Amino acid sequence: MRIGYARVSTQEQNLDPQINVLTEFGCERIFTDKISSTIKNRTGLMELKNHLRSGDILVVYKIDRIFRSLKDMDELIEWLKDNHIGFVSISEPAFDTTSANGNFLLHIFSAVAEFERNLISERTKLGLENARKRKKILGRPKGIKPETKEKFDYAKHLFENKNVPIEKACKLAGISKASYYRILN
């Protein structure tokens, strides 16, 4: 049985293109995650591993949808081999763990993908370092946004002058109770 796995990095991204390709490839069941690959315990991936049986073939659209690193790839491919489960990447058709060539190519491309992630990380760190040298302020802005201050003032007015309970005042003002007390303090 072909079992698919699809992943995107954020909740805002759409899984449909991957699901469509996996369905067209003949996957009878597809497990999904909307989470960064850097998170080790992905719910969909863990459910997939519990569902796979000997003789199944795990199918992904691209290898970067399932593997975080070369080490992660090695561990998962070894687990698949131990459980007599095949692995296929649709967009990298040479990746078929039932052949020696497929295993070899899978390792090469995984190493290249990890190298690319490391380059991105190095460039990001360099960019942040250069921004600090230019005295650029990084991170979340300090202070309260004007819109949030207005909401706080309105909630405070309702609570103190109109005897509206704090929970209702915050709801009417469109501010959370936690934000209200954070600003108050």
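This report describes the sheet, three helix arrangements and the cavity of a predicted model.

## The sheet

Four strands make up an open sheet, and their order across it is 2-1-3-4. The pairing in this sheet is parallel. Strand 2 (29–34) and strand 4 (86–89) are the edge strands, and each of them pairs on one side only. On average, neighbouring strands are turned by 20° against each other, with direction ignored.

Inside this order, strand 1 (residues 2–8) is paired with strand 3 (residues 57–60). The two run in the parallel sense, and 4 bridges join them. Within this pair, Y5 stands opposite V60 of strand 3.

## A helix across the sheet

Helix 1 (residues 16–24) lies across three strands, namely strand 1, strand 2 and strand 3. The helix runs at about 165° to strand 1. An angle over 145 degrees counts as roughly antiparallel, so helix 1 is roughly antiparallel to strand 1.

## Helix 7 and its partners

Two packed helices are described by the angle between their axes and the distance between the axes. Both values are available for two contacts of helix 7, one with helix 6 and one with helix 5.

Helix 6 (residues 166–173) and helix 7 (residues 177–184) have axes that come within 9 Å and cross at roughly 100°. Helix 6 and helix 7 are therefore roughly perpendicular to each other, since angles from 65 to 115 degrees are put in that class. On the helix 6 side, the contact involves I166, E167 and C170; on the helix 7 side, K177, Y180 and Y181. Sorted by class, the residues of this contact are 4 nonpolar and 2 charged, with no polar ones.

The axes of helix 5 (residues 146–161) and helix 7 come within 10 Å, and the crossing is at roughly 95°. This crossing makes helix 5 roughly perpendicular to helix 7. Helix 5 contributes T148, F152, A155, K156 and F159 to the contact, while helix 7 contributes Y180, I183 and L184. The classes here are 6 nonpolar, 1 polar and 1 charged. Y180 of helix 7 takes part in the contact with helix 6 and also in the contact with helix 5.

## The cavity

How many cavities of 30 Å³ or more does a search of the whole structure find? The search finds 1. The largest cavity holds about 40 Å³ of space.

Its lining consists of I63, D64, F67, S110, A113 and R117. By class, 3 of the lining residues are nonpolar, 1 is polar and 2 are charged.

Definitions and conventions. Residues are numbered from 1 along each chain as its sequence is written. This is a predicted model: local features need pLDDT of at least 70, side-chain atom pairs count only at pLDDT 80 or more; totals for chains, interfaces and linings use all residues. Side-chain values use heavy atoms; hydrogens and water are left out. Two strands pair if DSSP finds at least two bridges between them. Axes are lines fitted to C-alpha atoms, for helices over the stretch in contact, and angles run from 0 to 180 degrees between N-to-C directions. Contact means heavy atoms within 4.5 Å. Angles under 35 degrees count as roughly parallel, over 145 as roughly antiparallel, 65 to 115 as roughly perpendicular and the rest as oblique. Ala, Val, Leu, Ile, Met, Phe, Trp, Tyr, Cys and Pro count as nonpolar, Asp, Glu, Lys and Arg as charged, and the others, Gly among them, as polar. On a 1 Å grid over the protein atoms alone, a cavity is a set of points where a 1.4 Å probe fits but cannot get out, and a pocket is an open set with protein on both sides within 12 Å along at least five of seven lines; lining residues have an atom within 4 Å of a point. Grid points are joined across faces, edges and corners, and a volume is the space filled by probe spheres set on the points.
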